[in-house]
Each structure stands twice: as structure tokens, then as C-alpha cells.
Amino acid sequence: MSMMTPEIRPSAIARVNPVAKLAVALLISCALMLSIDWVSAATALLLEAVLLAWCGLNARQFWLRTAPVWIAAPFGILTTVLYGQDSGAVLWGAGLVTITEGSVALGLAIGLRVLAIGIPGIVLLATTDPTDLADGLAQVVRLPARFVLGALAGLRLVGMFIDDWHSLALARRARGVGDGGGLRGRARRFAGLAFALLVLSVRRGSKLATAMEARGFGSDEPRSWARESVFGRRDVVVVALGLAIAAAAIAAAVLAGTWRFVLA
């Protein structure tokens with residue numbers, strides 16, 4: 001099963017080498033992890049939003065795929081505001097929980113960072129075919145072929161988990177297993193399905209490993225590739241854009257006086 005589903009329209013970013021997209025995500029993530037301030041995260045998020053028009057996702061696909069990030073960001077802000085490091089004037093307090101100017105600024109910085117790091121990663125992943133990524137990692141980055149092919153095979157099985165879960169649920173219901181109501185019944189049903197899925201996954205993984213070994217995928221001999229992965233001029237431009245976003249985020253924070261190196 002491909003990460004880049006058929007309903008995603010062809011886009012400029014979809015034709016970029018996956019290694020370049022991975023490099024962009026790493027550059028932006030590393031730059032934003034060097035400091036915890038809201039200016040650098042807001043700058044990176046604003047620049048990323050400008051480039052989303054070329055991602056190939058329509059509005060519905062974008063919101064559905066990035067929904068976990070939009071849900072996680074407010075929770076990160078809330079927990080940091082309530083329990084983060086206190087500094088500055090106290091805005092509100094009740095027992096062990098206090099809200100200060102410093103905790104609010106820190107919460108805002110955390111929330112913006114979750115969005116600035118998570119959204120481009122999800123969007124780039126949605127426009128990447130696993131086979132293209134494996135070709136790029138093996139031919140461009142020169143990672144070991146055994147590791148790359150094993151990861152690719154395992155990644156392609158992830159898409160089968162939902163179908164397996166649904167089939168197991170139907171089979172257990174047909175046999176009258178785990179139909180108890182209430183919270184305890186639902187918890188027991190979930191635990192039974194999870195264990196059954198684990199057993200099924202182990203069996204399928206063992207069969208896949210045996211089949212790949214029989215076909216020579218475990219050999220240490222140099223292997224050829226059906227499709228050539230080329231890191232061209234367009235990929236260099238994409239990496240340069242990622243580097244520019246990272247540099248702009250750091251520069252904006254330094255100029256605004258909010259830059260605070262995490263290891264300092």
C-alpha cells in the first residue's frame with residue numbers, strides 16, 4: 001500500500017526525490033529544536049504555509065491528515081501553561097497550579113513547534129511513495145540494502161493493520177467472543193483484539209522474512225535496482241528552501257531577542 005494514495009493529485013513536491021523531502025523535514029526540525037521560543041516557530045510555520053499550495057493535497061485531505069497535530073498542539077500548550085516553568089508575573093494561581101507570563105510564552109512556543117515540525121512531516125509523507133523512498137535511501141544515501149528492503153517490506157504491511165483489525169473484530173463477534181458491555185467489556189475486547197493482531201503480525205512477519213530470504217533479499221552481494229533514484233537540480237532547490245526556512249526562523253528569533261539556546 002502506497003503512502004501517496006491515488007486521490008492525491010500530482011504536484012510539484014510529489015516529483016521531488018524523497019531523500020530531499022526527508023532532508024527538509026530534518027533541517028527544519030533540528031533548527032526548531034535548538035531553541036524554545038515562539039518567534040522562530042511562528043516564522044517557520046508561516047513560511048511552510050506559503051509552500052503548502054504545491055503539496056498536492058486539497059483542503060479536506062490536508063485537515064484530515066494533519067488532524068492529530070492540530071489536536072496535540074492545544075494539549076501541549078495547556079499542559080505547559082499549567083505545569084511549565086514559572087517566570088515573570090503571576091497571572092493566575094490555585095494551589096499547586098500557577099499561570100505566569102513565562103509559562104504562557106513557553107506554552108505558545110511548544111504549541112507552535114508541534115505544528116511547525118509535525119505539519120511538514122505529515123504532508124511530505126503523504127506525497128511520498130515507500131518504494132521511491134527506499135530507492136532513494138539505498139542509492140542516494142547509500143544505506144545498506146538489507147536494512148532498506150526490510151524496512152520497506154515492514155512499512156507496506158502497516159496498511160494491512162486496519163483491515164486485519166476489522167476482520168478480527170468481525171470474526172470474534174461471529175463467535176460471540178468479547179460481546180460484554182460496559183467499560184470493562186470494551187477494555188477486554190480491545191485487549192483481546194490487540195493480542196490477536198500481535199500474534200497475526202508476528203506470524204506474517206516470519207513468513208515474509210522467510211520468503212524474502214529465499215528470494216535472495218538477505219544477500220550481502222551488491223544488488224541492482226529496477227528504478228534509478230536521481231538527486232537532481234530540483235531536489236537541490238527543495239533542500240535549499242528547507243535550509244532557508246530554518247535559517248529565517250533562527251534569524252527572526254535572534255533579531256527579536258527571543259532566541260534561547262536549549263543547551264545554554
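I take helices (H or I, at least four residues) as DSSP runs, numbered from the N terminus. The model I am reading is predicted, with local features needing pLDDT of at least 70 and side-chain atom pairs counting only at pLDDT 80 or more, while totals for chains, interfaces and linings use all residues. Residues are numbered from 1 along each chain as its sequence is written, and side-chain values use heavy atoms, with hydrogens and water left out.

Entry on the pocket. I looked up the largest pocket (on a 1 Å grid over the protein atoms alone, an open set of points where a 1.4 Å probe fits, with protein on both sides within 12 Å along at least five of seven lines), and its volume, the space filled by probe spheres set on the points, is about 450 Å³. It is lined by 20 residues (an atom within 4 Å of a point), and Ile13, Leu51, Leu124, Val238 and Leu241 are the closest to its centre. Helix H1 (18-33), H2, H4 and H9 (233-256) each supply at least two lining residues, and H9 gives the most, with 6.

Entry on the helix pair. I then looked up H2 (residues 38-51) and H4 (residues 101-126), whose axes, lines fitted to C-alpha atoms over the stretch in contact, come within 8 Å and cross at roughly 30°. The two helices are therefore roughly parallel to each other (angles under 35 degrees). For the contact (heavy atoms within 4.5 Å), I noted residues including Trp38, Leu45 and Glu48 of H2 and Leu108, Arg113 and Pro120 of H4.

Note on methods
Axes fitted to C-alpha atoms, helices over the stretch in contact; angles between N-to-C directions. Parallel < 35°, antiparallel > 145°, perpendicular 65-115°, else oblique.
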